[in-house]
Each structure stands twice: as C-alpha cells, then as structure tokens.
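I opened this notebook to keep track of what I looked up, entry by entry. The structure comes before the notes.

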Amino acid sequence: MQTIENYNFNGKRAFVRVDFNVPLDEKGNVMDDTRIRGALPTLKKILGDGGQLIIASHLGRPAKNPDPKYSIKQILPCVSALLGVEVKFASDCAKAKLEVDALKNGEVLMLENLRFYAEEEGKPRGLAEDATDEEKSTAKKAMKEAQREFTKILASYADCYVNDAFGTAHRAHASTALIAEYFPNDRMFGYLMGKEVNAVKAVMTEPKRPFTAIMGGAKVSSKIDIIENLLTKVDNLIIAGGMTYTFTKALGGKIGNSLCEDDKLALAMSLLEKAKKNNVNLVLAIDAKIADKFANDANTEFVKTGEIPDGWMAMDIGKETEKLFADIITNSKTILWNGPAGVFEFENFSHGSFAVAQAIVEATKQGAYSLIGGGDSVACINKFGFAADVSYVSTGGGALLEAIEGKTLPGIAAIQ
Ligand code: AMP
C-alpha cells in the first residue's frame, strides 16, 4: 500500500477527497473551519512536492443540482486563506475536464459539491412515493450504471487518489470508495485519515490492557451494536449517562422520571449477562445527581441510583460514582470514551463528564492511550479544554461509531 509520506506528487495530478462539510452562516461564511484545517497537512504535502491538487468534497444534503445554498464556492475564500494559495473553482464536478487540464504544478482546483449529483451517493432521486417495487428496482439498476459513469469521470481527472475524509469513510460513495479501484498502485490515505485509522487500530485491534470503554449519552438503543462488540474486547465497560437508568430499572431499582427505554429492559439484562460470561467488568453508576425538572436551575439532590423518588430525574453521576469511574480509568492502559456522563450542556450537570474527562487526561499522562470519539464526548472534551491532553480526538462521528461496532468501513477497505 502507498503512503502519502513516501509518495512523490511532483508533476502528478492528485484527486483528494476531503470532508469539508462545514457549518455556514446565512451569508455563507464558514463558522467552524476545524475540518478544513484538519486536511491542510495532506494538501500542503501535495503542493510542496510540486503536484497539481484537485480537492473534492460534499457539503450538506442538497436534493437538486445546482443548489446555491450548498455550493462549495462559499467556502473557497476560507480554503484559499488557510492554504495560502488561490483556489480555482470548477462549477460542475462532473464536467471539469477543461479546468483540470489547465492546472499547473502547485495549483489548486476545487470541485463543486459532489452531492449535487445523486450518483455520488448512488441513491435514485425523485422516485414517486407510490412507486412500484419494479419501478424502484429499475431506478436502482439505472442509478448503479450512472454511478459507474460518474466515478469514471472523477477518476479520469487524476493520476493518483488520496482519501482524507474519515467523516464519510462509512459510506460506499463514488468519491469515497468506488473511485479507488481506478488507482490500483496510486491510492493512499491522507494524513488525517491515516491518524484515524491508527487510532481505531490502537483501541480495537491491539489495545494495551486493561482496556476500559466509557459509554455514555442518552439511549441504549442507539449504542447496542457498539456495546455488544465492546463486550468482546474490553476489560471494563463503564455505562454512564441517561442509558444507565434502563439498566437500573431492569435490575429492579427505582428511577423516578429518569430517562428509560422500557422496551429495552430485557436487552439490558442480556448485556449484563453477556458481560459476566465474557469476564468483562461492567460498571454502573452507584449514585446520581437528581433534579426536579430538566433545567440548569432545577433543585438538586444526591441519591443512590436505585432510589430515585417519583418526580425526580437523574441528570448526572454522583460524587461516589465519579470516584469509582476515575479509579478504573486511571488504572487503564487503553481508554475509549463515547457519550457524556450527564446532561453536560447544563453547567450544573456537567461535573460528572468533567470528572471522566479529567481521569482520562490523568491516565494519558501516565502513558495510557485514549481515544475520544462520536459526537457529544468530543463536544465535552473541547468544552473542558482537554483536547490536547488526550491521545486522539476523532473527527468522524458516524464513521468512528461504525468502526467501534466492528464494521468494515468502505472508505478504508477501498484503499487497503
Ligand atoms: P448521545 O448522542 O446518545 O451520545 O447522547 C448525548 C446526550 O445525552 C447529551 O445531549 C446529554 O445531555 C444526554 N444525556 C446524558 N446523560 C443524560 C441523563 N442522565 N439524562 C438525560 N440526558 C442525558
């Protein structure tokens, strides 16, 4: 497999798939440029070698072509400023041959939003709601063929393919996976993607032990596959956040008005049993900070998790639990954190998540490998200012979650 570090891009035209799906304000200004900055090392390496750079991304979920609200043109000034090179623009990603052929070494061309074409995702658009199965199947077949053509056009622009879009690695789209087959000897991960792949490997395939996963957030139902897979990998599984109370209720505890999925009580019991069978130390909160309403200024009390009075709800872990979790975390050599320990968006219920983050930082200082990923735990670690004090903060929400579920990610497999 090629690596970006060893590849010489001099005189080569590189098609780089990035994830520049950034938030924009009403005027089209980039509100958070983290994703663009994340891809800069890859883009700069190609330009530094004297290559010709074609940048391709999706932006939002356009339903038609073109759709000015989702035009990549809006982010051009931001990319040019961060890259320090004026970025040219091809206003139709599937008809960019002229612009591509005009590129010289050291120049950059950015393609219009790939998702203006339904072929990027490969899902037929505009099918009537009452379409028959036959019509659906015909449309699907036609789309497959169109997607092959679209992919071929994108591939024809370049001599080599670089995938630096971990955020879309779990999608088998034209530009994220299918295109790779046109570059059997000239495809590789970008630096950002390489870091993500290594981070997943560090926790999922070669963890130093003890390995502790902290699963928090709102619902068990959204994390079942992850928990099932982790139960075959970890030494300790800490369950935190709102999903705790489905377990507590399943075990016969009183949970008041706390978050609970009543249709998942049996599942919770089976996960507890699977943990026992696999010798996994599954740890639940022992005390909770409860509130009399879902608000930052609610009245609060500390109680044992199975003794929550009616009318009250658990909004954060309690102090004894903070200590229990911190002891396990600081004695771990590999740590994975997904999902907050409480309603961290409210200052008064963020202390438990802060304690978890602090313990992870402490363990990392002592040599543990720590990976933070998947939505709200990333927001947590950033809010507490600890992003630089853990081993890696993943940029790919859904992609990371699927990797932890044990699924093969098409964007990774296509390169490998
Ligand atoms: P998720 O997207 O599943 O990771 O869930 C994240 C959300 O879970 C955050 O918005 C938290 O506020 C919420 N959350 C965490 N703990 C609790 C809790 N005890 N009760 C209600 N919501 C919670």
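**Entry 1: the sheet with β1**

I began with strand β1 (residues 13-17) and found that four bridges join β1 to strand β5 (residues 160-163), the two running parallel. I keep in mind that this is a predicted model. Within this pairing I looked up Phe15, and Tyr161 in β5 stands opposite Phe15.

I then asked in what order the strands of this open sheet lie. I read β3-β4-β2-β1-β5-β6, six strands with parallel pairing. The edges are held by β3 (87-90) and β6 (187-189); each has a single partner strand, so one side of each is left without a neighbour in the sheet. I also noted the turn between neighbouring strands of this sheet, which is 25° on average with direction ignored.

**Entry 2: a salt bridge after β1**

I looked for charged pairs next, and the structure holds 18 salt bridges. I followed one of them, between Asp19 and Arg35, where the closest N and O atoms are 3.9 Å apart. I located Asp19 in the loop between β1 and α1 and Arg35 in helix α1, so the pair links distant parts of the chain, 16 residues apart.

**Entry 3: α1 against α2**

Having reached α1, I checked how it packs. Two packed helices are described by the angle between their axes and the distance between the axes. For helix α1 (residues 34-48) and helix α2 (residues 76-83) I noted an angle of about 60° and axes 10 Å apart. The helices α1 and α2 are therefore oblique to each other. Their crossing is right-handed.

Which residues make the contact? From α1 I listed Ile36, Arg37, Leu40, Leu43, Lys44 and Leu47, and from α2 Cys78, Val79, Leu82 and Leu83. I sorted the residues of this contact into eight nonpolar, no polar and two charged.

**Entry 4: the sheet with β16**

I moved on to another open sheet, where six strands lie in the order β10-β8-β7-β15-β16-β17 with parallel pairing. Here β10 (281-283) and β17 (392-393) stand at the edges, and each has a single partner strand, so one side of each is left without a neighbour in the sheet.

I looked up the pairing of strand β16 (residues 369-372) with β17, which is parallel and spans two bridges. Ile372 stands opposite Val393 in β17.

Last, I checked what lies across these strands. I found helix α12 (residues 376-383) lying across β15 (334-338), β16 and β17, and running at about 105° to β15.

Definitions and conventions
Residues numbered from 1 in each chain as written. Predicted model: local features only at pLDDT ≥ 70, side-chain atom pairs only at ≥ 80, totals over all residues. Heavy atoms only, no water. Axes fitted to C-alpha atoms, helices over the stretch in contact; angles between N-to-C directions. Parallel < 35°, antiparallel > 145°, perpendicular 65-115°, else oblique. Left-handed = near helix turned anticlockwise from the far one by under 90°. Contact = heavy atoms within 4.5 Å. Nonpolar A, V, L, I, M, F, W, Y, C, P; charged D, E, K, R; others polar. Pairing = 2+ DSSP bridges. Salt bridge = Lys/Arg side-chain N within 4 Å of Asp/Glu carboxyl O.
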